[in-house]
Amino acid sequence: MLLTACALGLVTSQHKARKLFSALEREQEHAKQLDVEWGQLQLEQSTWAMHARVEKIARSRLHMRVPDAQHTQVVVRAAAEAAR
Amino acid sequence: MNYAASPVLALHLPLWRSRMLLVLIASGFLVLAGRAVYLQGLNNDFLQQKGQSRYSRVLDISANRGKITDRHGEALAISTPVKSVWAIPEELQYSTQQRTNLAALLEIPPRELDKRLNDASGFVYLKRQIPPEVAQRVSELRISGLFQNREYRRYYPGGEVMAQVLGFTGADDAGQEGIELAYQSTLAGKSGSRRVIKDRLGQIVEDTESIREAQNGQDLALALDSRVQNLAFSQLKLAVDKAKAKAGAIVVLDAKTGEVLALANLPTYNPNNRSRLSGAQLRNRAITDTFEPGSTLKPFTVAVAIEQGKVTPGSVIGTASGSFSIGRATIHDAHHFGNMTVAQVIQRSSNVGAAKIALGLPAEAMWNMFDQVGFGSAPRLGFPGEAGGRLRAYERWRPIEQATMAYGHGISVSLLQLARAYTIFAHDGELMPLSLLRVDAPPAGKRVISVATARKLRDMLEMAVQPDGTAPRARVMGYRVAGKTGTAHKEENGTYAQHKYVSSFVGLAPASDPRLVIAVMLDEPSAGQGQYYGGVVAAPVFSAVMGGALRMLGVPPDTPLKPLELPPEGSEIKESV
């Protein structure tokens, strides 16, 4: 009688363990997929953010330009801190 | 009536029948026992294996190839999974509708699809490396005999800008060129495998053993700064187009750490689409090709002379007639300046002056200098195909060779070697080891010349970019620049080609505390008469890249911001070729 109960208990716990494990497996698969997606998104980001593309848009569509040296003022750190 | 007692009905069974039955039953049991022994004892392993194969599976765990990033972590090369579609033609069964859909999804004309399937037998790839979304839709067509497997494809968001540095990988995700090849063992992942138990529905229910752990490839952070790289590439492209040059290369080094901040070559290619590639596009000229550098070597000759105590920057060299004969050969200068100081020899790039200085030096001392700054031996960056250049043993130098080597002929170097050699002027006499990977602590340099000599040379190189030097176009507003032009006839089939030149410029800035060394080289600039001098075609590239890069790196200017005055077109001092 006792033996039968124990055997049934073993079967149940094994079944539960297997169920949980397959759930874990599914989640891991999901994690892997998200990882892949992250890689693709990174790729997409760096493609959109390519310097050549950004520069082209900035110049042609937004009419921006690099300030030339006459319009640049350099603040030396020591002087700036002294002025504070 | 008592039948039982009837003698007629009395049973007379012969004894052998019961014996026989006993023997039959016993032998039946024996057979069963024998079978049991056979199955459980002798054949056990085989049957166990068979049983296991019903429920246990060995799964491959794929490993990713590492990313390549620039020094700020911006991705330069990423692997992402793709699918390849293949078929077994004999097993393939599909309706006309399915065929049309398949052809449309794979972007292959239906006729081409049929041809491929009919020509091959057993196994045929229909299309490799298609995006996972498309692969999903292909599998939804449910065509039997059509299979997919997972592969990795590497993407290079930077495209042509740094194609030769990064290189690329083949279909099996193994590096074939550049960094991808050089650091293959670091980047490549090791795929693992594990044994699992699967249930009737194909779900994994238990992990029985891990046969081999999967190891993802390591990420690699390069020394490249993608902003500087982009600037260098675009400026080089402008210059190559303008000068109608055959090829060009540029190297930007951090003088403090020896890191390669940018390295660009032209012609180039798009690593994401390599259907039409030529060797010229693939070559990383700055590292694998050597050329005769010309006048950019003069500072080294002068450095030897100063180290040896033969001359000071103010010593006067007579170059009166502008030509100088050694044996049967004669060296010419483009202009006649009469007597020049050593500093002016550098500033105006006088061949005669450099030759006269060189002939006062022992050949061994000159060879030592060239050898110590790394000419004649590969820079050992770990990059495939690094060129060492040619530096002949000094025992066999004839006087004319020693004289021409003083101004960079009869010796060949790669652009990277040349840029590296200039770190001795930028880093107060120490040669910096180069690195393609980001370094966290600056490495120790190797002392080649004294601090005092390095500073004297820097002053002379600064004179060369002044309006009465050979490269006023190399100046950058707000920064003190020092550098040297080089223009050399190209060597072809053992002689110098008359109208083919290699023009270069190597320089450093800010001269008060150099941060960057930039070397530019243009191969066969041919935009017209006089449009081939290093000071005309290469120096403007240097100026634009240096100015932009110093600003990007936040280096404070070391001279007042005054507009630069360029001499009128065509009137500047041409160097001797």
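**Exercise 1. Describe the open sheet of three strands in chain B and identify its edges.**

Solution. The order of the open sheet in chain B is 1-6-7, and the pairing is antiparallel. Strands here are DSSP runs of E with at least two residues, helices are runs of H or I with at least four residues, and both are numbered from the N terminus. Two strands pair if DSSP finds at least two bridges between them.

Strand 1 (56-61) and strand 7 (204-212) of chain B each have a single partner strand, so they stand at the edges and one side of each lacks a neighbour in the sheet. On average, neighbouring strands of this sheet are turned by 30° against each other, direction ignored; the axes are lines fitted to C-alpha atoms.

Next, take one pair. Strand 1 of chain B and strand 6 (residues 192-198) of chain B are joined by six bridges in the antiparallel sense. R57(B) has V196(B) in strand 6 as its bridge partner. Strands of a sheet pair through backbone hydrogen bonds, either parallel or antiparallel.

The model is predicted: local features need pLDDT of at least 70, side-chain atom pairs count only at pLDDT 80 or more, and totals for chains, interfaces and linings use all residues. Residues are numbered from 1 along each chain as its sequence is written, while chains are lettered from A and ligands numbered from 1 in the order in which they are written.

**Exercise 2. Find which residues of helix 15 of chain B are buried, and where they lie around the axis.**

Solution. A residue is buried if 20 or more other C-beta atoms, placed from the backbone, lie within 10 Å of its own. In helix 15 (residues 363-372) of chain B, M366(B), W367(B), M369(B) and F370(B) are buried. They cover an arc of only 160° around the axis, so they lie on the same side of helix 15. The arc is that of the directions from the helix axis to the C-beta atoms.

The buried residues of helix 15 pack against helix 12 (298-307), helix 14 (351-359) and helix 16 (399-406) of chain B. Just after helix 15, G374(B) has a positive phi of about 100°.

**Exercise 3. Characterise chain A and its contact with chain B.**

Solution. Chain A has three helices and zero strands, in the pattern α-α-α. Of its 84 residues, 1% are buried.

The contact (C-beta atoms within 7 Å) takes 18 residues from chain A and 19 residues from chain B. Helix 1 (2-48) and helix 2 (51-60) of chain A each supply at least two residues of the side that touches chain B. Helix 1 gives the most, with 11 residues.

Note on methods. Buried ≥ 20, exposed ≤ 12 C-beta atoms within 10 Å, placed from the backbone. Axes fitted to C-alpha atoms, helices over the stretch in contact; angles between N-to-C directions. Contact = placed C-beta atoms within 7 Å.
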